[in-house]
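Dear colleague,

Please find below the structure that I am handing over to you. My notes on it follow, and I would be grateful if you would read them beside the coordinates.

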Amino acid sequence: MNASLQKRLRGAAVSILAAGFIAPAVFAQTPAPTGVRGAIISVSGDNLVVKTNRGAEQAVKLDKDTRVAAISLANINDIKPGSYIGAAAIPQPDGSQKALEVHVFPPALAGTGDGHRPFDLAPNSTMTNGTVGDVVASNGRTLTLKYKGGEKKIIVPEDVPIVNIEAGDRSLLVVGAKVVVRARKNPDGSLTAASISAGKNGVAPPM
């Protein structure tokens, strides 16, 4: 892999981590990032306006450090033993995790956010990033997801969104694009994006 591609992929890893695949405790020494989920309705230079899923309009600034990840549809049949994925899920009484969404990482980003931790997608939700062990087809799929220090059984219902996470760039930030933004709040109350996960070809990032 050449140095330029490796740098771009690692940049995407930073974006992915900032987008919420690490525990909130990491941000304990700095203000928690502000999440903005919705669709871009205006683009002008380093300024975006996002119509949020709640119907409000939110201005977001970009800077040289803003990272962009591309989100595209994936197929669960492409997840094999050895694949590296992230699964947002709800714990079940039997100790398994029922997936809310699944993110598939490219091989160059294997190891990103490895582990099991609380997540903010839904009440009591978790995020598990790890390497797929067994894959069993039964009422969807059941995956054994292994990470440093443990493993979890992930049940993936057939209606759960599954997406690829790849390196992206600002060409994805166009009117109509569905985005998930993690931003810092500036002293004047404005927001500057640390990372943006942007859907490709109309895909809405499920994060």
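**Findings**

N201 has a relative accessibility of 81%, and because this is over 50%, the residue counts as exposed. N201 is found in the segment after strand 13, and its phi is near 55 degrees, a positive value in a residue other than glycine. Please note that this is a predicted model, so these values and those below are computed from it.

A second residue has a comparable backbone feature. N124 has a positive phi, near 65 degrees, and is likewise not a glycine. N124 is part of the loop between strand 7 (115–118) and strand 8 (126–137), and with 66% relative accessibility N124 counts as exposed.

**Confidence**

The mean pLDDT of the protein is 84, and 83% of the residues score at least 70. Residues 1–29 have a pLDDT below 50, although this stretch has 51 contacts in the model beyond near neighbours in sequence. Where pLDDT is low, the predicted coordinates should not be read in detail.

**Overall organisation**

The protein contains one helix and 13 strands. Along the sequence the helix precedes the strands, in the pattern α-β-β-β-β-β-β-β-β-β-β-β-β-β. Of its 207 residues, 44% count as buried. Among contacts with a separation of 6 or more, 63% join residues 24 or more positions apart. The protein exposes about 10,500 Å², of which carbon and sulfur atoms supply 51%.

One hairpin deserves a separate mention. Strand 2 (residues 47–52) pairs with strand 3 (residues 57–61) in the antiparallel sense, over five bridges. Within that pairing, K51 stands opposite E57 of strand 3. Four residues lie between the two strands of the hairpin, and G55 takes a positive phi near 95 degrees there.

**Nonpolar cores**

Which residues touch the most other members of the largest nonpolar core? They are I40, L173, V179, V181 and I196, in a core of 18 residues. At least two residues of this core come from each of strand 1 (34–44), strand 2, strand 4 (67–73), strand 12 (178–185) and strand 13 (191–199). Strand 13 gives the most, with four residues. Setting aside residues up to four places away in sequence, L173 touches I40, V43, L48, L62, V68, V179, I196 and A198. Another core, of 14 residues, lies apart from the largest one; I76, I85, L145 and V160 are among its members.

T144 belongs to strand 9 (residues 141–147). Its relative accessibility is 17%, and because this is under 20%, T144 counts as buried. Neighbours within four places aside, T144 is in contact with T131, V132, G133, D134, E151 and K152.

**Salt bridges**

Side chains of opposite charge can pair when their charged atoms come close. Four salt bridges were found in a search of the whole structure, and three of them are described here.

The first joins the side chains of D46 and R170, with an N to O distance of 2.8 Å. D46 lies in the loop between strand 1 and strand 2, and R170 in the loop between strand 11 (162–167) and strand 12, so this pair ties together parts that are 124 residues apart in sequence. Both residues count as partly exposed: D46 at 40% relative accessibility and R170 at 36%.

The second is formed by the side chains of D63 and R184, at 2.7 Å from N to O. Because D63 lies in the loop between strand 3 and strand 4 while R184 lies in strand 12, the pair ties together parts that are 121 residues apart in sequence. R184 counts as partly exposed, with a relative accessibility of 41%.

The third links E166 with K200, whose closest N and O atoms are 3.8 Å apart. E166 lies in strand 11 and K200 in the segment after strand 13, so the pair ties together parts that are 34 residues apart in sequence. E166, at 28% relative accessibility, counts as partly exposed, and K200 is also partly exposed, at 29%.

With kind regards

How values were computed: Residues numbered from 1 in each chain as written. Predicted model: local features only at pLDDT ≥ 70, side-chain atom pairs only at ≥ 80, totals over all residues. Heavy atoms only, no water. Buried < 20%, exposed > 50% of the residue type's maximum accessible area, 1.4 Å probe, protein only. Contact = heavy atoms within 4.5 Å. Areas by Shrake-Rupley, 256 points an atom, 1.4 Å probe, with all protein chains shown as cover. Pairing = 2+ DSSP bridges. Core = buried A, V, L, I, M, F, W, Y, C linked by side-chain atoms within 4.5 Å. pLDDT = per-residue confidence, 0-100.
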